[in-house]
Amino acid sequence: MALPAAPPARLFAELVPAQLPGQAPAGRSRSPPPPPGREVQVSGSAELSAGPDRARVSVRLSSRKGAAGEARSSVARRLEYIAQSARQRGLPVCMIFSDFGKMQNVCNLLIEKLGTSVTICPPHFYHTPEALDTLRRQVCVAAVGNTRRKAQEVCRLFGQSLGKPLLIREEETKEWGGHIDSHVLNSPNSLTLQERIQNATVYASCRVFAVFEIKGKENRRNKLH
């Protein structure tokens, strides 16, 4: 018995318009690309100064006696008096001062009591390493704070709210000493105490670059506070 003939095959085809590069297929809605990151880029700087926190004083003693032993004994007594004067005021015997007022009082007292037998050299002011490190940290933190405040003002100008920092980079740091008039420096022994402190003062500056995120519109409730 012969099998019935198979029905003719059918072919269904659909023409689709050519798709351009980056174009979504027809019939599909392409989701919009994510918005680019919103950020504000600012730079800021700060400058601070720190006066010296230590002073070193050199004291020379002399004595004229008929015999060398008597002269040595006289100098030793005066040296002990100097050490005792320093101890009574809570200062180290090495005569390194952190209190400049006490330093001046001790020097005046020694000159008054010992007269011409003692010679006190002008104080040498300087900074300890800890004081310089503190100054460097403080000026960097101050520069970052100024940069953040600048970014906040820029955002508020456009009604936006400042977000978290994305980048903070220290770009430049400088340090320099204090200076006084050149004609005064020509005669350093004539400098007053304040002029010596000013001359030993250290200045530091720092400039930073920062990128902050912009969160969105500024909260009006927070703006009123």
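A residue is called buried here when its relative accessible area is under 20%, exposed when that area is over 50%, and partly exposed in between. With that scale in hand, Phe100 counts as buried, because its relative accessibility is 16%. The model in which this residue sits is a predicted one, and Phe100 offers a convenient place to enter it.

Phe100 forms an aromatic pair with Phe125, one of 2 aromatic pairs that a search of the whole structure finds. The arrangement of Phe100 and Phe125 is edge-to-face, with 4.8 Å from centre to centre and 75 degrees between the planes. Phe100 lies in helix H2, which covers residues 100-114, while Phe125 lies in strand E6, so the pair ties together parts that are 25 residues apart in sequence. Phe125 is buried as well, since its relative accessibility is 6%.

The other aromatic pair joins Trp176 and Tyr203, whose ring centres are 6.0 Å apart and whose planes meet at 10 degrees, so the pair is stacked. It links distant parts of the chain, for Trp176 belongs to strand E7 and Tyr203 to strand E8, 27 residues apart. Trp176 is partly exposed, because its relative accessible area is 32%, and Tyr203 is likewise partly exposed, with a value of 26%.

From Phe125 the reader can turn to the sheet that holds strand E6. This is an open sheet of 3 strands in the order E4-E2-E6, and its pairing is antiparallel. Strand E4 (96-97) and strand E6 (124-126) are the edge strands, each of them pairing on one side only. Strand E2, made of residues 54-56, pairs with E4 in the antiparallel sense over 2 bridges, and within that pairing Arg56 has Ile96 of E4 as its bridge partner.

From Trp176 and Tyr203 the path leads instead to strands E7 and E8. Strand E7, residues 160-177, pairs with E8 in the antiparallel sense over 14 bridges, and Gly177 stands opposite Val202 in E8. Strand E8, residues 202-217, also pairs with strand E1, residues 39-50, and this antiparallel pairing runs over 12 bridges. Here the bridge partner of Glu39 in E8 is Glu213.

Two residues help to show what surrounds these strands. Ser205 is found in strand E8 and is buried, because its relative accessible area is 17%, a value that falls under the 20% limit. When residues up to four places away in sequence are not counted, Ser205 touches Ala46, Glu47, Val139, Glu172, Thr173, Lys174 and Trp176, and the last of these is the residue whose ring stacks with that of Tyr203.

Leu166, placed in strand E7, is partly exposed, because its relative accessible area is 46%. Leaving aside neighbours within four places in sequence, Leu166 is in contact with Glu39, Val211, Phe212 and Glu213, and Glu39 and Glu213 are themselves bridge partners. The C-alpha atoms of Leu166 and Val40 are separated by 9.7 Å, although the two residues are 126 residues apart along the chain.

A last stop is on the surface. Leu157 is found in helix H3, which covers residues 129-157, and counts as exposed because its relative accessibility is 66%. Together with Val154 and Phe158, Leu157 makes a nonpolar surface patch of about 330 Å².

Key
Residues are numbered from 1 along each chain as its sequence is written. This is a predicted model: local features need pLDDT of at least 70, side-chain atom pairs count only at pLDDT 80 or more; totals for chains, interfaces and linings use all residues. Side-chain values use heavy atoms; hydrogens and water are left out. Two strands pair if DSSP finds at least two bridges between them. Helices (H or I, at least four residues) and strands (E, at least two) are DSSP runs, numbered from the N terminus. Patches are made of residues with over 30% relative accessible area and no salt bridge: like charges are joined within 9 Å, nonpolar side chains (Val, Leu, Ile, Met, Phe, Trp, Tyr) within 5 Å. Accessible areas come from the Shrake-Rupley method with a 1.4 Å probe; for residues, only the protein chains shown count as cover. A salt bridge is a side-chain nitrogen of Lys or Arg within 4 Å of a carboxyl oxygen of Asp or Glu. Buried means under 20% relative accessible area, exposed over 50%, partly exposed in between (1.4 Å probe, protein chains only). Contact means heavy atoms within 4.5 Å. Rings of Phe, Tyr and Trp (its six-membered ring) pair if their centres lie within 6.5 Å; planes under 30 degrees apart count as stacked, over 60 as edge-to-face and the rest as tilted.
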